[in-house]
2 protein chains.
Amino acid sequence: MSAFLFVTPTWDGDQWANEMKKALPRHDIRKWPAIGETADVRYAAAWLPPPNVLRELPNLKVIFSLGAGVDAILSDPTLPDNIPIVRVNSPDLTMRMSEHIVMHVLMHHRQQARILANQRNKTWDSFPQHAASALRVGVMGLGVLGEDAAKKLAMLGFQVAGWSRSRKSIYGVQSFAGAEELDAFLTRTDILVCLLPATAETDGLINRAVIKKLAHNGPLGAPVLINAGRGRQQVEADILAALESGELLAVSLDVFGKEPLPNDSPFWSHPRVYLTPHSAADSEPSVICTYVAQAITQFEKTGQLDNLVDRTRGY
Amino acid sequence: MSAFLFVTPTWDGDQWANEMKKALPRHDIRKWPAIGETADVRYAAAWLPPPNVLRELPNLKVIFSLGAGVDAILSDPTLPDNIPIVRVNSPDLTMRMSEHIVMHVLMHHRQQARILANQRNKTWDSFPQHAASALRVGVMGLGVLGEDAAKKLAMLGFQVAGWSRSRKSIYGVQSFAGAEELDAFLTRTDILVCLLPATAETDGLINRAVIKKLAHNGPLGAPVLINAGRGRQQVEADILAALESGELLAVSLDVFGKEPLPNDSPFWSHPRVYLTPHSAADSEPSVICTYVAQAITQFEKTGQLDNLVDRTRGY
């Protein structure tokens with residue numbers, strides 16, 4: 001009997017297991033810690049797996065990451081070396097992330113907080129606004145998610161650039177590449193969007209020094225930060241200090257160093273913070289499970305796997 | 001001396017006059033009521049012109065409407081019959097309107113009001129959300145503005161249909177045409193976007209009967225209305241009643257029967273109303289004046305005028 005194992009201790013996995021049963025009717029769907037016979041397990045979906053669980057599955061063929069980020073799998077120090085890791089790259093997840101990014105860029109651009117305050121105060125104030133073409137959006141990370149968001153922002157009229165490890169060719173999007181072009185990317189950016197993978201290089205990248213390099217002469221008066229990558233990438237004390245000093249006009253944060261965000265975090269009630277609970281791109285379990293089932297069917301027929309994670313890059 | 005006359009009694013026209021002086025340096029720029037020698041006036045920009053002002057300009061060649069809607073010109077009962085009316089159709093105005101429509105569709109779709117309330121209450125609640133592909137947006141009016149908004153919404157993944165007088169062919173957008181297809185259009189629509197011109201046929205179109213025909217079994221539970229056309233098109237008491245009864249989930253209104261919206265309007269403080277002060281697509285005067293100057297240059301060279309208003313259609 002071939003089994004599919006969820007190793008997702010921090011999740012309430014019942015809905016996932018039910019959807020996977022529908023998507024993979026010929027496999028036995030199991031949930032850690034109820035592994036059963038370890039030799040049965042051919043496939044696993046993992047999120048913060050406890051040490052030695054994946055390592056002790058002698059017939060494991062593929063590990064699936066159920067989101068775009070694989071940091072919660074790579075953090076297992078006992079992760080077996082020779083098992084391919086597949087990232088779920090469903091169009092559904094990409095489309096949802098772009099919805100989130102486009103909406104937050106537009107809310108900052110159109111000054112939705114000011115409009116809402118005017119409404120509360122019954123103030124009919126049609127204040128002057130800039131066209132999207134006056135704003136320079138910079139997307140850090142041009143993987144599948146970053147590329148899609150960048151294209152959609154360009155199509156809405158924003159001046160869009162992207163920053164990534166290697167140079168990219170995306171219609172309508174200026175490409176900056178590598179550490180040596182980071183400063184040039186930051187200094188031309190009014191709205192910084194972070195969609196980077198979580199790696200050692202990106203840990204703590206969004207800090208006070210980086211914020212100071214953003215464009216401070218743009219149409220909004222001060223730059224805006226939108227992070228939908230990973231909380232590890234932002235130095236939260238630096239972001240709060242930059243909001244206080246006026247080095248940041250406003251921020252949209254979907255991810256935090258500690259999630260759920262603790263009750264005493266100043267982000268909750270800061271008037272220039274849009275806070276979302278790591279919900280920028282929550283795919284429905286049914287969509288993700290269908291994706292995984294199709295990948296398994298293809299793998300069993302052809303031996304081919306798409307969207308493999310490169311462990312040395314970390315994404 | 002050729003003169004350009006602003007007949008815009010309800011506007012503070014100084015900024016407009018200054019921009020027009022830069023754009024048309026060889027014309028004398030005048031502002032009603034300081035018309036001067038009427039025989040000089042070859043071009044006029046009008047908004048709610050007083051009766052007989054345009055009629056008494058013997059050498060008037062073109063009337064310009066400085067926005068997409070021409071109802072405030074056609075409402076002049078003494079409007080001279082034989083003078084062409086040109087609508088400003090600048091890409092800037094179109095892009096801004098699409099920003100507004102896309103942002104409001106996304107805010108309803110992603111339940112931004114619920115997310116903000118959760119933030120205020122320090123509630124980390126990643127509630128399930130539908131993909132854009134689950135929502136059916138219906139755009140009433142497929143002129144330059146409606147077509148651009150519809151295309152951008154389709155590109156974000158929404159199921160988009162449009163309704164217009166004549167059938168349109170727009171990639172990714174289902175076309176409904178004429179009074180006989182209005183009901184079919186409404187019953188498939190979860191989010192209704194109104195970008196119609198103000199004509200006798202569209203006056204009062206958004207009423208209780210029309211609202212009742214919208215999709216009431218969609219993913220949001222009840223339909224949403226976004227009006228950025230004209231206030232005349234909406235029956236405001238019907239919208240309020242539909243919000244109360246649950247026939248409408250929420251609305252975004254940029255236009256009102258009376259503007260500025262009176263202080264005692266219940267729309268200001270309704271929790272399910274996003275209110276904007278007729279600011280969905282305010283172009284900068286410099287952009288509009290450049291557009292008008294280019295149209296005049298082309299007209300003087302070739303006799304050709306683009307974006308002519310059809311008075312019998314009313315737009």
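**Exercises on helix crossings, a salt bridge and backbone geometry**

In this predicted model, the axes of helix H3 (residues 91-109) of chain A and helix H3 (residues 91-109) of chain B come within 9 Å and cross at roughly 120°. Residues are numbered from 1 along each chain as written, chains are lettered from A in the order written, and side-chain values use heavy atoms, without hydrogens or water. Local features need pLDDT of at least 70 and side-chain atom pairs 80 or more, whereas totals for chains, interfaces and linings use all residues.

**Exercise 1.** Classify the crossing of H3(A) and H3(B), and state which residues meet.

*Solution.*
- Step 1. Helices (H or I, at least four residues) and strands (E, at least two) are DSSP runs numbered from the N terminus; axes are lines fitted to C-alpha atoms, for helices over the stretch in contact, with angles from 0 to 180 degrees between N-to-C directions.
- Step 2. Angles under 35 degrees count as roughly parallel, over 145 as roughly antiparallel, 65 to 115 as roughly perpendicular and the rest as oblique. With a crossing at roughly 120°, H3(A) is therefore oblique to H3(B).
- Step 3. The two helices cross in the left-handed sense (the near helix is turned anticlockwise from the far one by less than a right angle; clockwise would be right-handed).
- Step 4. In H3(A), A:Glu99, A:Val102, A:Met103, A:Leu106, A:Met107 and A:His109 are in contact with B:Glu99, B:Val102, B:Met103, B:Leu106, B:Met107 and B:His109 in H3(B) (contact: heavy atoms within 4.5 Å).
- Step 5. This contact of H3(A) with H3(B) has eight nonpolar, two polar and two charged residues (nonpolar: Ala, Val, Leu, Ile, Met, Phe, Trp, Tyr, Cys and Pro; charged: Asp, Glu, Lys and Arg; polar: the others, Gly among them).

**Exercise 2.** Describe how H3(B) packs against helix H5 (residues 144-155) of chain B.

*Solution.*
- Step 1. The axes of H3(B) and H5(B) come within 9 Å and cross at roughly 45°.
- Step 2. H3(B) and H5(B) are therefore oblique to each other, and their crossing is right-handed.
- Step 3. On the H3(B) side the contact includes B:Ile101, B:Val102 and B:Val105, and on the H5(B) side B:Ala149, B:Lys152 and B:Leu153 are among the residues.
- Step 4. By class, the contact of H3(B) with H5(B) comprises 10 nonpolar, two polar and two charged residues.

**Exercise 3.** Which residue forms a salt bridge with A:Asp14, and where do the partners lie?

*Solution.*
- Step 1. A salt bridge needs a side-chain nitrogen of Lys or Arg within 4 Å of a carboxyl oxygen of Asp or Glu.
- Step 2. The partner of A:Asp14 is A:Lys31, with the closest N and O atoms 2.9 Å apart.
- Step 3. A:Asp14 belongs to helix H1 (residues 14-23) of chain A and A:Lys31 to strand E2 (residues 28-31) of chain A; the pair, 17 residues apart, links distant parts of the chain.
- Step 4. Over all chains, the count is 39 salt bridges.

**Exercise 4.** Locate the cis peptide bonds from A:Trp32 to A:Pro33 and from A:Glu259 to A:Pro260, and the positive phi of A:Leu48.

*Solution.*
- Step 1. Most residues other than glycine have a negative phi, and most peptide bonds are trans.
- Step 2. The bond from A:Trp32 to A:Pro33 has omega near 10°; A:Pro33 sits in the loop between E2 and strand E3 (41-46) of chain A.
- Step 3. The bond from A:Glu259 to A:Pro260 has omega near -5°, with A:Pro260 in the loop between strand E11 (250-253) and strand E12 (273-275) of chain A.
- Step 4. A:Leu48, not a glycine, has a positive phi of about 50° and lies in the loop between E3 and strand E4 (62-65) of chain A.
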